[in-house]
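Let's go looking for open space in a protein. Where might a small probe fit, and what would surround it there?

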Amino acid sequence: MAMSETELLALLRELDDPERLEWPLYYDPAATGLAFGGLVRRLEADFGASCESERDTQDSSAYGRVHVPADATVCGTRIVVCVSRFGSLAEVCADNPGAFLGTNEAREEGALDPADLATVERALAELGYVSVPEELMESDYEGPSALEHFARRPTWWTRFFGTVW
């Protein structure tokens, strides 16, 4: 079952540790890598295409990204899944993070098919990820971490997917 915006914000606040910007206290890189590999394989199977991925992003609270190629999607726009090092957080974007104001806008503009989005969301849920809408991640950051050094207008995306050094 999908979490409400209130529940997601509570989770983001719970995961936010101002002493640990790049990864949480009990971060397990091996387990994160295994889970991420499983996500890549699942998306490749679901979309019938090889998906590029970036892993172990340096100086970032993000772990990596999976790119579902444009030619494997109904609308011909690639889908990017960003995975954080914190709490199995994930974000789904059409084309690239920030290319649209979120998946709603991407759907309205014909860049993201609802069935393709549902396929990605189902894979994330079944693999234990918590999908946080891009619209929420782009909202103003309201937590204890000092992020002003990293962004003029810190957002929750800055905190859990952005560069931290």
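In this predicted model, the lining of the largest pocket draws at least two residues from each of four elements: helix H3 (103–108), helix H4 (114–126), strand S5 (130–131) and helix H5 (134–137). Helix H4 gives the most, with 4 residues.

How much space lies in the largest pocket? The answer is about 350 Å³. Its lining has 19 residues, and those closest to the centre are Ala2, Met3, Glu121, Ser131 and Val132. Try finding these five in the view. By chemical character, the lining of this pocket divides into 12 nonpolar, 3 polar and 4 charged residues.

Now turn to the second largest pocket, which holds about 180 Å³ of space. Here 16 residues form the lining, and Thr32, Ser84, Arg85, Gly87 and Ser88 are the closest to the centre. Which elements each supply at least two residues of this second lining? They are helix H2 (29–47) and strand S3 (79–84). Helix H2 gives the most to the lining of the second largest pocket, with 3 residues. The lining residues of the second largest pocket divide into 9 nonpolar, 5 polar and 2 charged.

The table sets the two pockets side by side.

| Pocket | Space | Lining residues | Makeup of the lining |
|---|---|---|---|
| Largest pocket | About 350 Å³ | 19 residues | 12 nonpolar, 3 polar, 4 charged |
| Second largest pocket | About 180 Å³ | 16 residues | 9 nonpolar, 5 polar, 2 charged |

Conventions. Residues numbered from 1 in each chain as written. Predicted model: local features only at pLDDT ≥ 70, side-chain atom pairs only at ≥ 80, totals over all residues. Heavy atoms only, no water. 1 Å grid on protein atoms, 1.4 Å probe; cavity = no way out; pocket = protein on both sides within 12 Å on 5 of 7 lines; lining within 4 Å. Points joined across faces, edges and corners; volume = space filled by probe spheres on them. Nonpolar A, V, L, I, M, F, W, Y, C, P; charged D, E, K, R; others polar.
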